[in-house]
Amino acid sequence: MSRRVVITGLGVVTALGHDLDTFWNNLMSGRSGVSLIESFDVSDYPTKIAASVKEFHPEEFIDKRDLRRMDRFVQFGLVAALQALKDAKLNVREDTDPERVGVSVGSGIGGLATWEEQHKILLEKGVRRVSPFFIPMMIANMASGQISMITGAKGPNNTNVTACATGTHSIGDSFKIISRGDADVMICGGAEATISPTGMAGFCALRAMSVRNDEPEKASRPFDRDRDGFVMGEGSGILILEELEHARRRGANIYAELVGYGMSGDAFHMTDPDPDGAKRCMLRALSDANMRPEEIDYINAHGTSTPIGDKSETIAIKNAFGDHAYKLAVSSTKSMTGHLLGAAGGVEALICALTIRNGMIPPTINLEHPDPDCDLDYVPNVPRKENVRAVMSNSFGFGGHNATIIMRKFEG
């Protein structure tokens, strides 16, 4: 018999805030985190905007010597993980068996800025000047690795790399690890830091990003007729998942219960989505949760603000939910956070847990001219007070990787 899994801690670092209260308040205020990029010269870039994390001070959480050996994405992930453990009131070494605590924090790309820096050193100064820390700083699994080393978590430890589905796969896999009895606690989510010269250049070359540089705060506009691409974001969203009886024994605060996880592959195209793959993913999550479509109240959509992506997801929701598609609320919080790539699923799962806890659905901002092809209830521009019992979170990545999780209000 599978074990029940609940969410007991949350930690976040995004352009909207580096702590839960600030982040949630900005989300409910409909504030955009998008601004002009200031960290490097973007004068030659078609896209000059991003949802950058500013005034980030990781030294408040991490020893300065350790910081020098961590890429920015690792710093984001570790700070969010430490926040989440504090929120859960859980000390891995003192409050539980460390061998029963695991880590699964993914990244779509990993340490891109470190790669850029060390490649420049190689070209300008030669092979002997490349840092011995280059590889262990850059590889995508190092967020999970550092979180494990610093917190003492000795249980299952892995890293998903499934593009924009990474964070959701990490949470879903962690849910199953606990459910089948291989761990009692999982620290899980995603971390990403790709607002760098190479990262921006690559996505500009794909013509995937918005070029609404004169109005940064209005650039990310999912489901809007005038959307022209996604806006890059960065940061981390981390959840503490816990086996229910383990959480009860220590009197943990429970945000919500994780009940369903679905995965699928499009087998279709490198970058374009296939509505059928997304539909199958959502239906598998519903089947795993033993729930009917009518039981879902809210979907946190992948909703990237790309012309093809938003239309494809809308079709998929209609095909998966039938008539109920027009009765549930759907919103894209990427309209405010930007698209955090591998970290998006972690941040959005965290938002879903807070939506259930607070009874408030976050809006899709900048939805000024609805696309006739996107005709669902996208909670335009202002949050909505509602008793939310069950939510679904979607993530779809390049390569046709799809992930969906379902959580519902905890009932003992």
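This section describes the nonpolar cores, aromatic contacts, largest pocket and selected residues of a predicted model.

The interior of the model is considered first. In soluble globular proteins, nonpolar side chains tend to be buried together. The largest nonpolar core holds 44 residues, and I7, L10, L239, L241 and M407 touch the most other members. At least two residues of this core are supplied by each of β1 (5-13), α1 (20-28), α8 (166-179), β6 (185-192), β7 (235-243), β8 (256-265), α14 (344-358) and β14. Helix α14 contributes nine residues, the largest share of this core. The surroundings of L239 illustrate how the core is built: apart from neighbours within four places in sequence, L239 is in contact with I7, G9, L10, I171, M186, I187, C188, G346, A349 and L350. A second core, separate from this one, consists of 31 residues, among them V13, I62, I147 and I240.

Residue I406 belongs to strand β14. With a relative accessibility of 0%, I406 counts as buried. When neighbours within four places in sequence are left aside, the contacts of I406 are E257, L258, V259, G260, A285, L286, A289, M291, I296, V391 and M392. Residues I406 and F203 are 203 residues apart in sequence, and their C-alpha atoms lie 30 Å apart in space.

Aromatic contacts form the next topic. The model contains six aromatic pairs. In one of the pairs, formed by F203 and F398, the ring centres are 6.4 Å apart and the planes meet at 40 degrees, so the pair is tilted. An angle of under 30 degrees would have counted as stacked, and one of over 60 degrees as edge-to-face. Residue F203 lies in helix α9 (residues 197-205), whereas F398 lies in the loop between β13 (390-397) and β14 (401-408), so the pair ties together parts that are 195 residues apart in sequence. The two partners are not equally covered: F203 is buried, with a relative accessible area of 12%, while F398 is partly exposed, with a relative accessible area of 32%. Together with F230, these two residues form one aromatic cluster. A ring also takes part in an arrangement with a charged group, in which the charged end of R357 sits over the ring of Y255 at 4.8 Å from its centre.

Residue F398 appears again in the description of empty space. Rolling a probe the size of a water molecule over the atoms shows where empty space is left. The largest pocket encloses about 590 Å³ of space. Its lining is made up of 38 residues, and those nearest the centre of the pocket are T271, P273, T304, T306 and F398. Two or more lining residues come from each of α11 (275-289), α12 (307-321) and β13. Helix α12 gives six residues, the largest share of the lining.

Two loop residues, T47 and S52, were also examined. Residue T47 is located in the loop between β2 (35-36) and β3 (49-50). Its relative accessible area is 3%, so T47 is buried. Leaving aside neighbours within four places in sequence, T47 is in contact with M200, C204, M209, S210, V211 and N213. Although T47 and V231 are 184 residues apart in sequence, their C-alpha atoms are 8.8 Å apart in space. Residue S52 is placed in the loop between β3 and α2 (64-67). At 12% relative accessibility, S52 counts as buried. The contacts of S52, again without neighbours within four places in sequence, are A15, G33, I195 and E234.

Backbone angles complete the description. Most residues other than glycine have a negative phi, and most peptide bonds are trans. Residue L341 has a positive phi of about 50 degrees, although L341 is not a glycine. This residue, L341, lies in the loop between α13 (334-337) and α14. Its relative accessibility is 4%, and L341 therefore counts as buried. Residue N381, also not a glycine, has a positive phi near 70 degrees. The position of N381 is in the loop between β11 (360-361) and β12 (384-385). With a relative accessibility of 33%, N381 counts as partly exposed.

Notes. Residues numbered from 1 in each chain as written. Predicted model: local features only at pLDDT ≥ 70, side-chain atom pairs only at ≥ 80, totals over all residues. Heavy atoms only, no water. Phe/Tyr/Trp six-rings, centres within 6.5 Å; stacked < 30°, edge-to-face > 60°. Helix = DSSP H or I, 4+ residues; strand = E, 2+ residues; numbered from the N terminus. Buried < 20%, exposed > 50% of the residue type's maximum accessible area, 1.4 Å probe, protein only. Lys NZ or Arg CZ within 6 Å of the ring centre and 35° of its normal. Core = buried A, V, L, I, M, F, W, Y, C linked by side-chain atoms within 4.5 Å. Contact = heavy atoms within 4.5 Å. 1 Å grid on protein atoms, 1.4 Å probe; cavity = no way out; pocket = protein on both sides within 12 Å on 5 of 7 lines; lining within 4 Å. Points joined across faces, edges and corners; volume = space filled by probe spheres on them.
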